[in-house]
Structure formats: structure tokens, C-alpha cells
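Got your viewer open? Load the model, pick a colour scheme you like, and follow along.

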Amino acid sequence: MTNNVIVADMASKLVMTTSNSPIVSGFALAISTLMFLLLACIALGYGHRGANYPPGPPTKLILGNALDFPNDYLQYKFSEWARKYGDVVSLKVFHQTIISINSPSLMRELLERRSVTSSNRPKNTLTEIITPGDLNMGTAHLPDDTWKAMRRAAQNMFSSKNLGRTQHVQHAEATQMVMDIIIDPDNWMPHTKRYVTSFLLSIMYGFRAARHSSLPVRDLVAVHRRFVDILGFGGAPPVDLFPVLKLVPKRFAYWKRETEDVGRCQQALFKGWMDRVRARLDRGETTGCFLEDAVRDLEGWGMKDDNWLDHMAGSLVEASDTVPVTICSFIICCVKYPEKTALAAAEIDRVIGPDKVPRLSDLESGKLPYTRAMIDESMRMYPVAPVGIPHEMAEDDVVDGVLYSKGAVVFQNTWFMFRDERYFDRPHEFRPERFLENPPFGTRPGVVDDPARRDTLLWGSGRRICPGQLTARTSIDTICPYLLWAFDFKRGVDPVTGQEAGEPEFVFEKGIVAVPAEVPCKLVPRSKQHIATVQREFGRVAEDLARHELEIDSEDAAWNREYRDVHVL
Ligand code: HEM
């Protein structure tokens, strides 16, 4: 406070020394204003790490760590700092404090035990434009009553009881995905997207996506691409760091026009999906999906008005963003580590054989321990949300004498936690065996583990923990053994050399979700017997798929007829 008064006094003296010439006095005014701002920034502690803040790299005047802060792949730099500074690291980017927490114990202390102060999301002007009223649960700034209602509804939809009721749909969609890859192996990545999106559309909205190019998937992918681009680094100027930028008129601010348009397109898409549900009920038809129930019982679902339902798609977007990526990473692991894949395939051959397809229950009952370990190892090494989704401190809070200041943005660096050499033996090696040697977390035998480790670290912490974790887990656990059962995983052809590609590398796209770039690989059916078994299974589950095809469009209907005529046994 005293500093501010001194700075104001110095600045006013500077302004008073300007000459009488209009040009000189204008110039002097500009210089003195700049000086004033500079001194004010210094006085306000811009870029300076306070005394009891978490440690971190040295800061520079006003800039803080702005020049050190990575634009992308936060997990790599955060992990380097974790090794140097410990379980908690802080950075200053101008006046903004950014914290990376690097241990399960800190996740528990800060985000679970102190969830009252640590459950905000960072305030984000762009997401507020895209979803006015904070009706997108994942981006909503405050965990207020609106967020609570949306969250309760999501938790209800994705509860274990409801998942039991929808598992046959999950299995049916997984069967189609295996069929899709048998017929069209080059599009293995889009087929994973279709599998997850179609499952979620079916259980939430009662209609499905027969092809990866079906309209709902195509529209979702297109609008989500724009959403990610505008929110990503460089998509828009840092308006929350420098709120004065918000004053730029719309005609000079591309980001404002684009953000508004993304919001319009997204809302139109989600409303269109809900309108299909409303129209179906008006016709007196039903598929038994969740949102039909919500339309009939708005109050019971805690929805303040009918328009809130148009925003329930936020959960579907989260699912279709994360689960396919996890499955793709698993597929890349199967190509990259052939000896491990062979061990899992041998286990599946022994337990399941070629005449029936694996079911989720085979994995859950513990009959496929190596396969389970292979899935866990791929999620340990390549977590889809390597630094979580950031929280923001609502108030100052102190853990072990360290200050987590109001407004600080907090990342959960699970990438580091899963590769922490204190607990994991050779953490950078892909070794499913670690989970068999020391279950359930695969840490080094004999080491005293972090007491707060849990098998849900990947899904975040506290009030904001992922409400879709069961849906995610069962979707992954249904398809991964199925793929191992159905296919041999081979390296594809390098598009540049025309020769067999080398060992695939994980190269991630930029962004908070670690999406691996496509690698050349071939998924080859293991035998004619396996293909025939999938065709029979595809016939058996046809009814479960058809139940969600009441309003199917003519293109999908034609494709379905041909697909099923040719491929069902
Ligand atoms: C492998 C798959 C998935 C992973 C790794 C994952 C991970 C996460 C993480 C780390 C968070 C932030 C937690 C926090 O702030 O502490 C989150 C939030 C969220 N997830 Fe997931 N998720 C996955 C799949 C899903 C699925 C399938 C759904 C829906 C069916 C879903 C819906 C959500 C929603 C709605 C939020 C926002 C919660 C809130 O802010 O209150 N996620 N997820």
C-alpha cells in the first residue's frame, strides 16, 4: 500500500515536468504514463515470487517466468522443474501465479482436503462467451448451484448402476468398431472416435452414429476443432492476463468474432440433439435414453429450465475427447512393444479362444491379468490429461507452510507422478510386468509408496474429479482386450520412404489433451475364424444397435443395410 503511494507521487512529479510544446508534452505524457505503469507493476510485485510461495525457477523483473513458461507440452517442463524443486513448483507469468503439484499427497492435501478453496476453474473470458451462464460443467468458473445441478445430473447418468444397464450398448458399439477396423483398417483412429461418441449419443440422446463420417460425429469434430484452436495457445490474445484487451472493438478482434461463432455453432449442435429427443417424446416414441427421462422430469434432474438440458452435451464432449485418445495410445503401444503384445495375445488365446469374443467381465473378473497390466501400463506412460484440467484457488490457503495464493492456477502433474523415479523402477520403460510384480500400482517393490496414491489419479481430484471415470474405464476395458483378441499389430508403411515404418514414436499434438499423432500401423485380423466370430457377434448385437436408429438419416440407413447384408453371419 505504501509503495503504491510512493509510485503515484513519483509519477505525478514526472507528469508535472512536461514542457509547453504540444508534441513534446504529448511525448512526455506517454513516457511518464509508461514509467508510471512500470513502477506500478514493480510496486504491485508483478513477476515477483512472494516469500512463502512454492519454489521455482528464478523470476525476472515484471516478466516473472514468462520467458521460461512453455507454450505447450507443459508436462515436460513441469516435470523437469519437479525434479529440481520438489513436489510443488510455482511460476509467475507477470502477475499470474501458476503452480504445478507433483505428488499424490499434495493432490489430496490441497485439492481434496481443502476443496472449499481449491475447486474453482480459472476464469476464462472465451469459455464464458461460448457457454454463457457457465452451463458447461467442465469449464464453469465457480462450483456454484448451477454447476452442482449439472454435475449431479452427470453423476447420475454415469453411475455404476446405470453403466450396468448400458453395458450391452457399449459391447455392441465395440463389436462394430472391431468390424470397422477389419473392413477399413486405415481409419483405425476415426473408428475409435465413432465408437465412443456413438455409445455416448445412444445412452444420452437415444440415437447413434453408424459411421465415423455420420453427421453428429462430423459436426462434433468440426466444432470441437475450432473450440480447441481458439482456446489453445495463440488462438486468442491473453485477455484474462491483460483484461484491457477485452476493450478492443469486435470489428478489430478476430478472436471475439470467432469465439462467438464457435459458441453459436456449438449451441446449435447441442440443441439440435436435444430437439431430437423432445420430438421423439412428442411422437410418443422412446428409446429409454437418459435425456428422455430428464425432459419428463426436469425438476427431479435439478434443471432450472429446459434450456439447461441443451448443455448436458458437455460430458459427451469430454468423453469423445479423452477416451478415443487413450485407446489410440494403447494401439500405438501394441505396435511399439510387440513382445509385450504377444504375451497379452497369448493370454487371451488361452482364456478366450477364437470362437467367442472377450467381454468386459473377462477382464474385471481377473481372468486376464497380463492384459489388464498392459492397459494400465499404457495409461501410466501416456496419460491423456498429463497435467489434468487446471483448478484455481478461490482463497489463500497454506499447506506445510507453503502459500497457495488466491487466484493461483493449479495443475496436477500426473505425467510426473507416474514417472517419479523415487517410486517407479525404470519409469520410462514400458513394462506391464511392474503391475504384476507389485500390484496394484506397479511401484518399485520394497519402496515406501506415497500414501495418497490411488488408482484414480488420472481422473483428477476433489469436487472436480472426473464424473465420467467409470464410463471411461469400462469403455477402455471393453475395447482393448477385444482389439488384442482380434488383431495382430504391425508396423505400417512409411509414407515418405514407401518401406516398412520404423518403431512408432509418441509425438503429441499441442494442447492440454495429449493426443498422439497418427503413426503408420496395420491392424491385421488374426485368422478367418476370428473374423467369422466377429461377424456372428455383429449379428447378435444388431438389435442393440438398431434400438438407437429410430431417426437414422437416409445415408446412414443405406450404409447400414449394405454393411449388415455383407458382413453379418
Ligand atoms: C480416459 C478418459 C478420461 C480421463 C483421463 C478424464 C480425466 C479428467 C480430468 C483429469 C478431469 C479434471 C478433474 C479435476 O479438475 O481435478 C476431468 C473432468 C471432467 N470429465 Fe473426464 N476424463 C475422461 C473421460 C471422461 C468421460 C468418459 C466423461 C463423461 C462421460 C468425462 C466427463 C468429465 C467432465 C464433465 C469433467 C468436468 C468436471 C467438473 O469440472 O466438475 N470424462 N476428466
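What follows is a walk through the domains, the ligand site, the empty spaces and a couple of backbone oddities.

**Stop 1: the domains.** Keep in mind that this is a predicted model. Start by colouring by domain: the assignment gives domain 1 as residues 1-44, domain 2 as 48-132 plus 391-417, and domain 3 as 152-383 plus 418-567. So you'll need two ranges each for domain 2 and domain 3. Now put a distance between the C-alpha centres of domain 1 and domain 3, and you should get 56 Å.

**Stop 2: the iron.** Next, select the ligand and zoom to its iron atom. Which protein atom acts as a donor to the iron? It's SG of Cys466, sitting 2.4 Å away, and the protein offers the iron no other donor. Trace the chain on either side and you'll see that Cys466 belongs to the loop running between helix H18 (433-437) and helix H19 (469-486).

**Stop 3: the shell around the ligand.** Expand the selection to residues within 4 Å of the ligand. You'll pick up 26 residues, with Arg121, Trp147, Arg151, His391 and Cys466 as the closest. Where does the ligand lie relative to the domains? Domain 2 and domain 3 both contribute residues to this shell, so the ligand lies between them.

Now show the polar contacts to oxygen atoms of the ligand. Three to look up:

- Gln412 brings a polar side-chain atom to 3.0 Å from a ligand oxygen.
- Arg464 has a polar side-chain atom 3.1 Å from a ligand oxygen.
- Met137 uses its backbone instead, with an N or O atom 3.3 Å from a ligand oxygen.

Switch to cartoon for the helices: H7 (145-157), H13 (313-336) and H19 are the elements that each give two or more residues to the shell. H13 has the largest share, with 6 residues. Colour the shell by class and you get 13 nonpolar, 9 polar and 4 charged residues.

**Stop 4: the second largest pocket.** Hide the ligand and select Asp376, Phe435, Pro440, Asp455 and Arg473. This pocket holds about 540 Å³ of space, and those five are the closest to its centre among the 23 residues that line it. Helix H16 (369-381), H18 and H19 each supply at least two lining residues, and H16 gives the largest share, with 6. By class, the lining splits into 14 nonpolar, 2 polar and 7 charged residues.

Stay on Pro440 for a moment. Its place is in the loop between H18 and H19, and the peptide bond leading into it from Pro439 is cis, with omega near 0°.

**Stop 5: the cavity.** How many cavities of 30 Å³ or more are there? The count is 1, and its volume is about 30 Å³. To find it, select Asp425, Arg431, Arg434, Glu437, Asn438, Gly442, Thr443, Arg444 and Pro445, which line it. That lining comprises 1 nonpolar, 3 polar and 5 charged residues.

**Stop 6: one last backbone check.** Jump to Ile62, in the loop between helix H2 (22-43) and helix H3 (74-85). What is the phi of Ile62 near? It is near 60°, a positive value in a residue other than glycine. For context, most residues other than glycine have a negative phi, and most peptide bonds are trans.

How values were computed. Residues numbered from 1 in each chain as written. Predicted model: local features only at pLDDT ≥ 70, side-chain atom pairs only at ≥ 80, totals over all residues. Heavy atoms only, no water. Donors = N, O, S within 2.8 Å, 3.2 Å for Na, K, Ca; no water. Helix = DSSP H or I, 4+ residues; strand = E, 2+ residues; numbered from the N terminus. 1 Å grid on protein atoms, 1.4 Å probe; cavity = no way out; pocket = protein on both sides within 12 Å on 5 of 7 lines; lining within 4 Å. Points joined across faces, edges and corners; volume = space filled by probe spheres on them. Nonpolar A, V, L, I, M, F, W, Y, C, P; charged D, E, K, R; others polar. Polar contact = N/O pair within 3.5 Å; in protein donor to acceptor, adjacent residues only side chain to side chain.
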